[in-house]
Amino acid sequence: MRLILAVAISLPLATRVLAVAQPPALPWTITDYDEGDCYLVRGEEKLSYHGMRQPWVFNRAMVWLDSSAGLEGAVLCYADSSPLILTGQKQVSRWYTSEGSSLVDVDDRFTRFIRRAGKLAWDHACLPPFQFSIEQHPIAELVVREASHPWQLVVVIKGRSGPPLYASPWQEGPGTLQVDLRRLYRQKGYRHQFAELVFFVALWTKNTESEGFVEFSLCLLGEDSLVPSLPVIRTAERAAREGIPVYALVLDQQARRLGPADVVVELRFGDRRVPLSAGEDQIWYARLTDVPMGDHWLPLEARWRDGSGRKVTNHIHIRVTSGNFVSYDPKLRLLRRQEGPLGPLTGSYRGQPVFRQLGKPEERLLQGQQDWQEAIKDPSQPDYGFHFWEALTPAELDNDYAYLARCGWHIVHLCSGWLWWPRWDAAGRLSPFYAEQLCEVSSAASRHGLMLLLALSHYPLGQASPPYMQYLEAGYRREDYGDLQSTFYHMFGQYLRQFAEVFRDDPTIALFTASGEGDTACGPAFVNFVYDVMKANSPRHLFAAEPHWKIVRDPNYYRKEGWKPLLGGMRTYFVDNRPPEAIGVQFKLAGLGHLFMAEGCFYGFLGGNHQYMNPEMPVEGYRRRIRLTIYTGLAHRNPLLLTWEERIVEDERIVFENVRRNINWSTAFRTPPVAIRVYPDQMPPEARETLFRLERKLTQIPVESFYLWEDEPPPPGTQVVIDSRQDIGTVDFASSGGCLPDKIAAQLPLRLPAGWMANYSWSVDGCTLLAFVRPAETAAEDWSTVEGGRYAYVDTKLRLDRDVKVVGWQVLCRKPGIIFLRVYRLQAGQVQLVAESPPAKMERPGWCQFSMRVPLEVKENDFIGFYIPEEDTQIAARPEGHMLFVPSPGRRESRLEDWQSEPKTAAIRLLVDDGKTVWPQVPNKPDKKANGDRLVLRNFPAVALKFQIFDLESKELVGERIFTTGQCEISLPGPRDLFLIVTPVRTGEN
């Protein structure tokens with residue numbers, strides 16, 4: 001079990017502790033991913049949080065004050081009862097326990113937890129994530145009236161791994177604990193008014209067969225408090241026009257509102273002291289003016305009039321923004337702000353950041369691959385864990401977002417309401433804790449130049465996330481998503497309107513979706529309802545939809561069927577394990593409409609472990625696929641390219657940002673000369689083979705193409721239309737016996753060396769070029785033969801051009817079984833076996849990837865080979881090259897003349913230790929002697945232009961030059977993934 005450390009416990013204010021022999025270890029909490037779980041861990045034992053997949057009860061004492069209560073542009077939340085009773089028949093919450101055990105509310109205040117025999121000697125009753133004002137109710141009080149065995153109170157910050165916020169010592173018999181939650185919460189670095197905590201009462205019966213019980217009452221004790229509204233966000237223009245409203249309540253220990261007869265309330269703003277006034281409703285109010293842009297945490301103070309000197313303090317978060325919102329330009333098909341189009345933007349979902357040294361004073365974010373490799377250096381004790389984004393402190397958010405900005409990110413994607421992910425919808429109201437945390441996130445993002453994409457819900461309630469009990473009590477049914485008159489829509493609309501009330505003036509939120517990838521399951525009625533409510537209440541925000549899980553039909557079906565959002569999301573997961581040309585096809589399909597890459601390239605779909613980033617995670621293969629995907633999308637000017645839960649390789653965006661900053665995105669780009677007519681039956685990825693072949697051939701010429709839907713007429717500028725259902729013969733120019741007019745060849749902007757390919761966009765004026773240039777790869781259908789067992793092989797076409805350490809490898813399996821990777825050295829007529837991997841089992845046909853804890857040392861000019869010990873095991877090969885083979889495993893050293901040969905090359909790739917390279921097959925490298933390594937720019941205007949070429953592995957600029965003659969030759973730095981741009985020379989640029 002990873003991450004099990006000693007936990008330092010803060011003693012409660014008052015406690016009765018009796019020594020107990022050998023109690024279970026102090027707990028540790030692990031927050032797993034969406035297909036895992038949330039656990040309390042003690043030593044080597046772990047137990048799920050009970051109730052996490054059952055209907056939670058949102059704090060029934062919570063009251064929301066908004067426009068219906070006379071507040072203008074603000075939302076204020078508080079509890080109207082105190083103390084908050086969390087157990088018994090009058091509780092404002094709901095507890096859960098394991099199957100077989102039970103909970104009985106014995107009276108108004110007490111609940112009895114009855115533990116049945118189980119797998120472990122301990123179990124718990126759990127109150128799932130519960131929100132409350134930690135200023136109004138700072139003290140937790142647990143009273144145990146009776147207990148058969150030792151008991152313990154545990155309090156966890158929802159979404160945070162590591163030591164709990166609080167864990168009491170084990171205790172026996174009746175007793176009382178009081179815990180200052182506010183003090184512990186503030187010590188962690190949080191400044192929210194509201195907290196979201198998980199409470200556990202654990203029982204230890206000392207052996208698994210024993211039954212036991214504990215009868216307890218848990219409540220949150222109230223104090224005199226000053227409760228401000230949720231954060232108030234205003235654009236600078238609106239703040240200057242209207243001022244900024246400040247609302248607050250003053251509450252006594254019994255949650256009664258206090259008015260002007262009781263207290264005086266004042267706000268400090270710099271040197272100013274601003275008095276608040278209150279009417280009969282005892283809602284205190286003031287209006288601020290002359291508030292500069294930025295975040296302001298303004299102190300509030302309430303003083304009693306009785307001469308006692310009693311007072312309470314708090315603060316209100318006010319944020320003044322630029323008002324520079326993101327919009328979508330349908331003509332350019334790019335996002336834009338006031339200053340103009342932004343160009344393609346990139347980022348990822350960022351739901352569960354990775355930390356090292358959990359629970360220690362030096363706990364910190366894990367940032368980058370080198371940091372990760374250090375964290376897993378000791379496989380028996382990997383040093384990392386996860387916190388959900390909602391558990392990050394302001395300092396941690398700043399640290400994370402500063403790192404993402406350095407890595408070239410623009411967008412952070414966050415979602416609501418999947419399993420135990422954050423729920424912004426508090427049973428038909430805005431969750432106060434998440435309103436505060438989203439404001440913290442937005443503030444941190446803004447400080448570092450990032451933007452947010454927010455999904456306001458997820459799949460239909462009940463599909464994976466049980467609704468809050470309040471929804472079920474109101475009669476919620478799954479079919480309500482199709483009934484706009486249902487109570488569900490009324491409740492959900494209240495949540496949306498409150499959300500918009502708080503965030504309508506926040507331009508850091510670039511765009512919303514109704515439910516992200518759940519849009520198709522929720523349906524167009526729901527998407528359009530959310531669109532209408534948000535457009536009415538937050539009109540300056542961009543709203544998108546995600547109508548495609550994978551594109552299996554007309555990419556524009558959603559618009560034709562009446563979906564209101566224009567900008568639509570697609571996913572690339574379904575081409576992630578297909579050849580690189582499948583990516584170009586995907587983005588050309590996106591070009592049929594207004595589609596962006598909403599998700600893709602999640603390492604879990606590429607062979608990595610779904611949750612833990614263990615040594616087997618295919619980092620280099622994952623890196624390469626991200627490069628292939630986002631830089632193909634950049635060359636096609638796709639507006640937004642998002643991966644999923646990206647970790648370790650966040651820096652793959654660095655070149656992307658360098659390119660984005662260097663391009664004038666107002667530039668008009670020309671229609672590619674070749675149109676390809678596509679049809680509905682070609683939309684499923686498994687039916688796109690014809691499109692893949694066309695893409696591969698055209699990108700090697702290279703001629704850019706675009707798609708036409710069925711009988712759609714070609715636009716001006718189209719020179720030839722290829723019907724993908726027809727036999728078009730050779731894809732080449734007419735002078736070479738192909739189907740393309742020769743005049744296209746004379747117009748191309750690029751001439752590539754043999755063995756290279758490119759996707760690109762070229763401007764109408766010919767002065768701007770975006771080109772993703774890469775070595776050609778052998779297509780899957782070209783692996784038309786096999787090699788199998790029981791034989792040892794040396795592939796003389798797979799020869800190393802430098803000394804390396806091989807840390808992993810890939811092989812294209814045809815029939816599953818065992819295979820060994822081998823390294824051979826040929827010298828003086830002898831074949832020497834110099835290194836061999838552990839046996840690797842290919843589980844299924846297709847590309848298989850393996851890692852090695854002990855790297856193979858490979859010298860320059862060594863050859864790659866393999867051994868297949870089982871007769872019915874086969875890997876893919878192609879019918880060209882020079883393969884040596886002998887029956888059975890062969891000897892460590894043998895004569896070359898004892899080996900037979902055949903013209904084949906194996907489908908094997910190496911992953912080497914430079915942290916950057918998935919080493920490609922040697923036959924795919926350009927033959928420098930035969931073909932040269934020079935790319936030619938041509939057909940550009942004879943004006944001052946500059947090319948820049950970036951190495952996507954090293955993330956460095958590896959060449960640049962100004963040219964004025966309309967053409968230029970560029971030396972390519974070996975077979976590497978490159979991004980090339982040509983731009984007009986700026987005034988004063990040498």
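## A walk through the model, starting at a pocket

The second largest pocket has 41 residues in its lining, and those nearest its centre are Arg637, Phe669, Arg670, Thr671 and Pro672. Keep in mind as you look around that this is a predicted model. The volume of this second largest pocket comes to about 1100 Å³. Which elements give two or more residues to its lining? They are helix H11 (581-590), strand S40 (705-709), helix H15 (742-747) and strand S43 (756-762). S40 supplies the largest share, with four residues. By residue class, the lining of the second largest pocket has 22 nonpolar residues, 12 polar ones and seven charged ones.

Stay with S40 for a moment and step back along the chain. The loop between helix H14 (689-700) and S40 holds proline 702, and the peptide bond joining isoleucine 701 to proline 702 is cis, with omega about -5°. There is another cis bond to find, this time between glycine 789 and arginine 790, where omega is about 5°. Arginine 790 sits in the loop that runs between strand S45 (785-788) and strand S46 (791-799).

Now for a sheet. Look for four strands in the order S9-S14-S11-S12, forming an open sheet with antiparallel pairing. Strands S9 (122-133) and S12 (166-167) are the edges: each has a single partner strand, so one side of each has no neighbour in the sheet. Helix H5 (residues 432-447) packs on this sheet and touches S9 and S14, with its direction at about 120° to that of S14. As a reminder, strands of a sheet pair through backbone hydrogen bonds, and they can do so parallel or antiparallel. Here, S11 (residues 151-157) and S14 (residues 194-204) run antiparallel and are joined by seven bridges. If you want a spot to zoom in on, isoleucine 157 stands opposite leucine 197 in S14.

Follow the chain out of S14 and you come to the loop that leads to strand S15 (212-221), where lysine 206 lies. What is phi at lysine 206? It is positive, about 75°, although lysine 206 is not a glycine. Is lysine 206 buried, exposed or something in between? Its relative accessible area is 47%, so it counts as partly exposed: the cut-off for exposed is over 50%.

Glutamine 282 also has a positive phi, near 60°, and it too is a residue other than glycine. You can find glutamine 282 in the loop between strand S21 (277-278) and strand S22 (284-288). With a relative accessibility of 27%, glutamine 282 is classed as partly exposed, because buried means under 20%.

One last stop is threonine 520, which has its place in helix H8 (residues 519-522). Which residues does threonine 520 touch, leaving aside those up to four places away in sequence? The contacts are Glu546, Pro547, His548, Tyr557 and Trp563. Even with these contacts, threonine 520 is partly exposed, at a relative accessible area of 37%. To get a feel for distances in the model, take threonine 520 and arginine 895: they are 375 residues apart along the chain, and 64 Å separates their C-alpha atoms.

How values were computed: Residues numbered from 1 in each chain as written. Predicted model: local features only at pLDDT ≥ 70, side-chain atom pairs only at ≥ 80, totals over all residues. Heavy atoms only, no water. Pairing = 2+ DSSP bridges. Contact = heavy atoms within 4.5 Å. Axes fitted to C-alpha atoms, helices over the stretch in contact; angles between N-to-C directions. 1 Å grid on protein atoms, 1.4 Å probe; cavity = no way out; pocket = protein on both sides within 12 Å on 5 of 7 lines; lining within 4 Å. Points joined across faces, edges and corners; volume = space filled by probe spheres on them. Nonpolar A, V, L, I, M, F, W, Y, C, P; charged D, E, K, R; others polar. Buried < 20%, exposed > 50% of the residue type's maximum accessible area, 1.4 Å probe, protein only.
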